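Here is a walk through one protein, from its overall make-up down to single side chains. Have the viewer open while you read.

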Amino acid sequence: MRISVLFLTVLALSCTREETEIKTKLFSEVKPIDSGIDFSNDLQSSADFNILEYLYFYNGAGVAVGDLNNDSLPDIYFTANQKPNKLYLNLGGFQFKDITEEANVAGKGNWSTGVTMADVNGDGLLDIYVCNVSGYKGARGHNELFINNGDLSFTESSKDYGLNFSGFATQAVFFDYDRDSDLDVYLLNHSVHSVDSYGSAERREFKDARAGDLLLQSQVAQSASKFKDVTATSGIYNSKIGYGLGVSAADVNNDGWPDIYVSNDFHENDYLYINNKDGTFVESLEKMM
């Protein structure tokens, strides 16, 4: 046994550091000149719009990855805070092509945040949903839904689908919370500091049109293209004290129904919404955590 240990020790020492690094290396950098992806979310602050005036100035934007033309190659969509958004088509071999202009997906908002790819209309093609901030410090626009036309072009259709929210949008997650075989959406929003943001936990019951989170139910299964706002009857909090940073849908309690976890900033707890299987949720963070 002692001889075996000695042999293994000598064998390990005989490997050079370079060989060891090569064996354990999992990722390699693909430079922009090789990949064709040269996106950069560059920010320019001003006297009126900066980290002091907008507390999420440096939170970043978003990225979504998905196969938009069903060729088994994942494409990439980047959102930018102060620049046009970008869509890169995967050509294979880690090479991409900027098709933003011909695809018509640059967007018209001037401060984009999160982005999600999902088959919103159930036609087998991924669509793109972009969150935008509006109504504050010169930020304008609304959330945009780019419906996939099947030819690598898209049509902005947020108003037609009832998804043209205008406010402090952060991110959206699409999931089938009522299990009727179409995708509903939880829209996560954030807030800005004001006197209304401070106080007791009862303020979570006060609704806010721009900062409050929303639960929107798809009507596609009922032969309609609209999304219906069901927040008021769902048990979802819709106040300005949430300051939403992130959201995820998963079956937390293993009952076959998707639940919702929301990470909040500042004054409020995170939210863990357990699905009651009847179209409503109950916030259960302190009970289950």
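What follows covers the overall build, two sheets, the cores, one asparagine and the aromatic pairs.

**Overall build**

Keep in mind that this is a predicted model. The protein has seven helices and 16 strands. Its C-alpha atoms fill a box of roughly 75 × 50 × 50 Å along the principal axes. Of the 289 residues, 43% are buried. If you take the contacts between residues at least 6 apart in sequence, 51% of them join residues at least 24 apart.

**Two open sheets**

Let's start towards the N terminus. Strands 1, 2, 3 and 4 make an open sheet in the order 1-2-3-4, with antiparallel pairing. Strand 1 (62-66) and strand 4 (95-98) are the edge strands, each pairing on one side only. Ignoring direction, neighbouring strands in this sheet are turned by 25° against each other on average. Strand 1 and strand 2 are joined in the antiparallel sense by five bridges, and valine 63 has phenylalanine 78 as its bridge partner in strand 2.

Further along the chain there is an open sheet of four strands in the order 13-14-15-16, with antiparallel pairing. Its edges are strand 13 (244-250) and strand 16 (281-283), and each of these pairs on one side only. The twist averages 20° from one strand to the next.

Here are some of the strand pairings from both sheets, side by side.

| Strands | Bridges | Sense |
|---|---|---|
| Strand 1 and strand 2 | five bridges | antiparallel |
| Strand 13 and strand 14 | six bridges | antiparallel |
| Strand 14 and strand 15 | three bridges | antiparallel |

To find your way around the second sheet, use individual partners. Valine 247 is bridged to valine 262 in strand 14, and isoleucine 260 is bridged to tyrosine 273 in strand 15. The hairpin of strand 14 and strand 15 has six residues between the strands, and phenylalanine 266 takes a positive phi near 60° there.

**The cores**

Which residues touch the most other members of the largest nonpolar core? They are Val120, Leu163, Phe174 and Phe227, out of 17 residues in that core. Several strands feed into this core with at least two residues each: strand 6 (127-132), strand 7 (144-148), strand 9 (169-175), strand 10 (184-189) and strand 11 (214-218). Strand 9 gives the most, with three residues.

Leucine 163 is a good one to click on. Leaving out residues up to four places away in sequence, leucine 163 touches Val120, Tyr129, Asn143, Leu145, Ser158, Val185, Leu216 and Phe227. Apart from the largest core lies another one, of 15 residues, with Val173, Phe175, Tyr177 and Phe281 among them.

**A buried asparagine**

Now for a polar side chain. Asparagine 81 sits in the loop between strand 2 (75-79) and strand 3 (86-92). Is asparagine 81 buried or exposed? Its relative accessibility is 1%, so asparagine 81 counts as buried, the cut-off being under 20%. The side chain of asparagine 81 reaches the backbone oxygen of glycine 60 at 3.4 Å. Not counting residues up to four places away in sequence, asparagine 81 touches Asn41, Leu43, Gly60, Ala61, Asn110, Trp111 and Ser112.

**Aromatic pairs**

How many aromatic pairs are there? The count comes to 20 aromatic pairs. One of these is phenylalanine 57 with tyrosine 58, an edge-to-face pair at 4.9 Å centre to centre, with 90° between the planes. The two partners sit in opposite surroundings: phenylalanine 57 is buried, with a relative accessible area of 0%, whereas tyrosine 58 is exposed at 55%.

Tyrosine 136 and phenylalanine 168 are also edge-to-face, because their planes stand at 85°, with ring centres 6.0 Å apart. This pair links distant parts of the chain, 32 residues apart: tyrosine 136 is in the loop between strand 6 and strand 7, and phenylalanine 168 is in the loop between helix 5 (158-161) and strand 9. Phenylalanine 168 is buried, with a relative accessible area of 3%.

Both pairs belong to one aromatic cluster, formed by Phe49, Tyr54, Tyr56, Phe57, Tyr58, Trp111, Tyr136, Phe168, Tyr243 and Phe266. Two of these names have come up before: Trp111 is among the residues that asparagine 81 touches, and phenylalanine 266 is the hairpin residue with the positive phi.

Definitions and conventions. Residues numbered from 1 in each chain as written. Predicted model: local features only at pLDDT ≥ 70, side-chain atom pairs only at ≥ 80, totals over all residues. Heavy atoms only, no water. Pairing = 2+ DSSP bridges. Axes fitted to C-alpha atoms, helices over the stretch in contact; angles between N-to-C directions. Core = buried A, V, L, I, M, F, W, Y, C linked by side-chain atoms within 4.5 Å. Buried < 20%, exposed > 50% of the residue type's maximum accessible area, 1.4 Å probe, protein only. Contact = heavy atoms within 4.5 Å. Polar contact = N/O pair within 3.5 Å; in protein donor to acceptor, adjacent residues only side chain to side chain. Phe/Tyr/Trp six-rings, centres within 6.5 Å; stacked < 30°, edge-to-face > 60°.
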